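Hi everyone, thanks for making room for me today. Let me put the structure up, and then I'll walk you through a few parts of it.

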Amino acid sequence: MLSAVSDVYDGQSLVSWSPDGLKVSCIAQNRLILRTHDSLDIVQVFNCADKVDRTEWSPDSEYILCQIGKRGVTEVWSASDSEWRCRIDEGLAGLARSRFAPSSREIVTVADFQVRIAVWCLVTACTRHLRSPKWSDRGMAFSNGEAYMAILTRKELRDGVAIFDVQTWEEVQSFALSTTDAADLAWSYRDSSLVVWETPLDCALHVYSLRGEMLHSVLPASEKLGIRTLKLAKEGLLAAVACYDETAKIVHSNTWKVLVELPHSDILRNDPSVKFFKEELRDGHAVNQHVYRHGGSAPSRPSAVEYVETELKGEAVTLPSIPKPETADKVGVSMAIFSEDGTFLATKNERHPCVVPMPAGSRDRIAACVLLDSIRNFCSRSTQE
């Protein structure tokens, strides 16, 4: 675990691993850069039309899309053919979100103000328009078997779900929900049900059959702010429910019972079994090093940093934190990602923006990584090692 750490590459954002784990993409200004997974050598550089808002790899790792909301376009590039390029222009409808369909040869876009969903085929250049979704950046999920797409809808002040066949893009099922204000949805492990959770005002999670019957309801803490995000382990037995109350709840995906609650405290308790990694200034000024070691932030970014592994012996460690935030997007556990085998869980609590705690399937935290800068994103890499 973290036995080797690469050098720091400044000025690059939107870093993403390809699904096969062999390539890394990042954005530098308006350039898309592809690197190798081991040495991080540059293999491809593509110039985009404008500032890139987000990137996404195709499921087969052959293509990568760049969403450029300012111009309402999506540019698609090939990782193996530097001459191939595709440009999708939404025109007056604008572009709020774009993503790959499971086939890797189709792009699903959502227009501004959730006016419509469009499906663009990279092979035939055909376009299909679907009904309006409730949200542009969430509320859409593909089944694990890659046969169906489910979206949240809102009509006459009532939430609903529409399910489409991704081969024909025909609507095969739709039903109303009993939710107050549904925030997002996800497919269960065997695609036999849909998981829907409410917006922060209602801390509730509901499980529906594909015919619209409510099977389970999970109400972790009705008096607190609700669920921020939910992630299912790839093995399917566990789900991580990240909440606004700074906890991550591990739920069994068959019974939907809460197995354990993982709190995010300011203190990392004294435990020799916990691995503690901290990013240190390697060649910064002595004053900068002193300020950082005592809880402050370095006034300037050093040219090199290093990870230091520390055994927790004798005293607990106080994690760097920020004052009580004023906005909802800076509250609670905002990210939760399982490892490929579902053994470990990495989370990010917004009050500890520089810390990635990694608990196993129990209450115990087995590792924590503290960085110099706030964490924007992280992911689990597929590996055979």
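I'll talk about the nonpolar cores, and after that about a sheet. Please keep in mind that this is a predicted model.

Let's begin with the largest nonpolar core, which has 15 residues. Which residues have the most contacts inside it? They are Val195, Trp197, Leu205, Ile227, Leu230, Val241 and Trp256. If you look at the strands, at least two residues of this core come from each of β17 (182-187), β18 (193-198), β19 (205-209), β21 (227-232) and β22 (238-243). The strand that gives the most is β22, with three residues.

Now, zoom in on tryptophan 197 with me. Leaving aside residues up to four places away in sequence, Trp197 touches Ala182, Ala183, Asp184, Leu185 and Ala186. On the same terms, its contacts also include Ala204 and Leu205, as well as Ile227, Arg228 and Leu230.

There is also a second core, separate from that one, with 14 residues. Among them are Ala101, Val119, Ile151 and Phe164.

Next, the sheet. Here four strands make an open sheet, ordered β1-β2-β3-β4, with antiparallel pairing. Which strands sit at the edges? Those are β1 (13-17) and β4 (42-47), each pairing on one side only. From one strand to the next, the twist averages 15°.

Let me finish with one pair in that sheet. Strand β3, residues 31-36, pairs with β4 over five bridges in the antiparallel sense. And if you'd like a spot to click on, leucine 34 stands opposite glutamine 44 in β4.

That's my tour, so thanks for listening!

Conventions. Residues are numbered from 1 along each chain as its sequence is written. This is a predicted model: local features need pLDDT of at least 70, side-chain atom pairs count only at pLDDT 80 or more; totals for chains, interfaces and linings use all residues. Side-chain values use heavy atoms; hydrogens and water are left out. A nonpolar core is a set of buried Ala, Val, Leu, Ile, Met, Phe, Trp, Tyr and Cys residues joined through side-chain atoms within 4.5 Å. Buried means under 20% relative accessible area, exposed over 50%, partly exposed in between (1.4 Å probe, protein chains only). Contact means heavy atoms within 4.5 Å. Two strands pair if DSSP finds at least two bridges between them. Axes are lines fitted to C-alpha atoms, for helices over the stretch in contact, and angles run from 0 to 180 degrees between N-to-C directions.
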